[in-house]
Amino acid sequence: MYELKRLDSPVNVTRTFMPPFSEFTSEIERLWNNSWITNNGVLHQEFEEKLIDYCEVENISLLVNGHLALETGLKTLDLKGEVITTPFTFASTIHAIVNCGLKPVFCDVDKDDYNIDVSKIEKLINKNTVAILPVHVFGTPCNVYEIEKISKKHNLKVIYDAAHAFGVKLDGKSIASHGDLSMFSLHATKLFHSIEGGVLVYKDINYKKKINLLKNFGISGPESVEMVGYNAKMNEFQAAMGLVNLKYVETNINKRKLITDTYVNLLQDIPGIQLLNYSSDNTEYNYSYFPVLFDPILFGASRDTVKELLEKNNIFTRKYFFPLATDYDCFQGEFSGFDLPYAKAISDKVLTLPIYPELSLKTVEIICENIKKIHRRSI
Ligand SMILES: *Cc1c(COP(=O)(O)O)cnc(C)c1O
């Protein structure tokens with residue numbers, strides 16, 4: 001019997017990055033001088049500028065969280081009809097579509113990068129199709145060039161859920177420079193955060209006015225309410241956290257790269273394990289997640305067994321993403337008819353392993369050693 005090694009204290013799949021306390025307090029000190037803590041404050045404006053520089057894009061709007069940013073993005077495009085998307089994502093993607101009165105149409109994903117399979121999109125297009133909403137899942141870029149071709153040919157809008165993809169570049173350009181709009185989530189558990197937060201990046205400067213209206217009750221002046229909106233503004237404490245954390249993004253991505261390289265080295269030769277490919281020449285990755293697919297036959301243990309055994313030893317992983325969005329209880333089988341063989345297979349095999357900047361390489365080695373032992377004892 002191979003004994004697994006137990007960690008002394010629990011290691012979770014992620015751990016929120018906390019910048020030096022004094023850097024945060026020195027940012028928020030300014031707020032006590034001017035008593036302006038939300039509604040497009042000074043820090044909000046500064047953060048927007050810094051993000052425009054960092055991402056090298058033209059137009060950015062900041063919102064209170066990624067989900068409302070996505071909904072606001074969809075509302076800005078003023079759509080009615082069907083939106084082609086992926087079932088292999090976080091609940092937010094599909095809820096944004098449904099909350100906007102649109103119908104999600106589910107496309108299968110690619111077996112290697114788990115993103116929407118562009119070769120299967122056109123079959124799903126009909127006269128009601130108005131947009132494509134792909135997800136750069138785990139930060140791996142979608143096939144944006146093919147998606148652009150399809151959208152041009154069929155006159156469809158493209159809005160990217162780039163919640164996982166902050167800092168990712170494709171052919172030297174921010175991943176958010178593709179599509180009509182892209183959304184980054186700055187939630188505390190994401191690679192780069194502003195406590196909670198959402199960013200919309202877009203090509204058309206005319207969207208800015210509508211986004212500003214939607215996120216502030218549609219109010220356009222002291223006595224005029226131009227459209228029905230909601231409250232989705234980013235406040236000054238969020239912007240302060242974002243400003244401080246932005247200075248650490250590069251360092252944190254580098255630390256994540258080391259962790260990823262270590263995982264890849266130690267896991268890649270184990271039978272029945274599939275990893276993401278990080279070797280595309282035209283991509284600068286952000287290493288935001290470390291998903292592993294466990295084939296129950298070839299690896300010798302199911303994903304659920306691996307999860308359970310690791311948990312007993314203080315290693316906490318997540319099934320990102322299981323169940324598929326089509327199988328959520330809230331949809332009561334409404335979307336059960338789609339043909340999604342790869343999405344289903346991936347969702348049944350996937351486990352994301354711990355990754356965050358402070359995770360020690362020693363811990364990564366222990367996690368991998370345990371996974372190897374699970375494989376050995378099951379054959
Ligand atoms: C986190 C996430 C969101 C939502 O972002 P929040 O900032 O948490 O509202 C949307 N889509 C995906 C794929 C996500 O992972």
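**Figure 1. The largest pocket and its lining.** A pocket is an open set of grid points with protein on both sides within 12 Å along at least five of seven lines, and its lining residues have an atom within 4 Å of a point. The model shown here, and in every view below, is predicted. The volume of the largest pocket is about 520 Å³. Its lining holds 30 residues. Nearest the centre lie F90, H187, T189, K190 and Y289. Three elements give two or more residues to this lining: α3 (66–77), α4 (91–99) and β8 (181–185). By class, the lining of the largest pocket has 15 polar, eleven nonpolar and four charged residues. Domain 1 (21–247) and domain 2 (248–376) each supply at least three of the residues in this lining.

**Figure 2. The second largest pocket.** This view moves to another open space. The second largest pocket holds about 340 Å³. It is lined by 19 residues. Closest to its centre are D113, T140, P141, C142 and N143. The lining of the second largest pocket divides into nine nonpolar, six polar and four charged residues. At least three residues of this lining come from domain 1, and at least three come from domain 2.

**Figure 3. The largest cavity.** Rolling a probe the size of a water molecule over the atoms shows where empty space is left. In a cavity, a 1.4 Å probe fits but cannot get out. The model has three cavities of 30 Å³ or more. The largest cavity has about 60 Å³ of space. Its lining is made of 13 residues. Among them, A163, H164, K190, L191 and S288 lie nearest the centre. Six of the lining residues of the largest cavity are nonpolar, five are polar and two are charged. Domain 1 and domain 2 each contribute at least three residues to this lining. K190 appears here and also near the centre of the largest pocket.

**Figure 4. The second largest cavity, between the domains.** About 40 Å³ of space lies in the second largest cavity. Its lining includes F138, G139 and T140. L276, Y278 and the run Y285, N286, Y287, S288 and Y289 also line this cavity. Six of these lining residues are nonpolar and four are polar. No charged residue lines the second largest cavity. Both domain 1 (21–247) and domain 2 (248–376) give residues to the lining, so this cavity lies between them. T140 is also one of the residues closest to the centre of the second largest pocket. S288 also lines the largest cavity, and Y289 lies near the centre of the largest pocket.

**Figure 5. Domain 1 meets domain 2.** The protein is divided into domain 1 (21–247) and domain 2 (248–376). Their C-alpha centres lie 25 Å apart. Domain 1 puts 42 residues into the contact, and domain 2 puts in 37.

**Figure 6. Helices α1 and α2 pack together.** Two packed helices are described by the angle between their axes and the distance between the axes. Helix α1 spans residues 21–34, and helix α2 spans residues 42–55. Their axes make an angle of about 140° and lie 10 Å apart. Angles over 145 degrees would count as roughly antiparallel. The pair α1 and α2 is therefore oblique. From α1, the contact takes E27, R30, L31 and N34. They meet V42, L43 and E46 of α2. By class, this contact has three nonpolar, three charged and one polar residue.

**Figure 7. Two cis peptide bonds between α10 and α11.** Most residues other than glycine have a negative phi, and most peptide bonds are trans. The bond from Y320 to F321 is cis, with omega near 5°. F321 sits in the loop between α10 (303–312) and α11 (341–349). The bond joining F322 and P323 is cis too, with omega about -5°. P323 is placed in the loop between α10 and α11.

**Figure 8. The positive phi of D78.** D78 is not a glycine, yet its phi is positive, at about 55°. D78 lies in the loop between α3 and β2 (82–85). Helix α3 (66–77) also gives two or more residues to the lining of the largest pocket.

Technical notes: Residues are numbered from 1 along each chain as its sequence is written. This is a predicted model: local features need pLDDT of at least 70, side-chain atom pairs count only at pLDDT 80 or more; totals for chains, interfaces and linings use all residues. Side-chain values use heavy atoms; hydrogens and water are left out. Axes are lines fitted to C-alpha atoms, for helices over the stretch in contact, and angles run from 0 to 180 degrees between N-to-C directions. Helices (H or I, at least four residues) and strands (E, at least two) are DSSP runs, numbered from the N terminus. Angles under 35 degrees count as roughly parallel, over 145 as roughly antiparallel, 65 to 115 as roughly perpendicular and the rest as oblique. Contact means heavy atoms within 4.5 Å. Ala, Val, Leu, Ile, Met, Phe, Trp, Tyr, Cys and Pro count as nonpolar, Asp, Glu, Lys and Arg as charged, and the others, Gly among them, as polar. On a 1 Å grid over the protein atoms alone, a cavity is a set of points where a 1.4 Å probe fits but cannot get out, and a pocket is an open set with protein on both sides within 12 Å along at least five of seven lines; lining residues have an atom within 4 Å of a point. Grid points are joined across faces, edges and corners, and a volume is the space filled by probe spheres set on the points. Domain bounds come from an automatic or database domain assignment.
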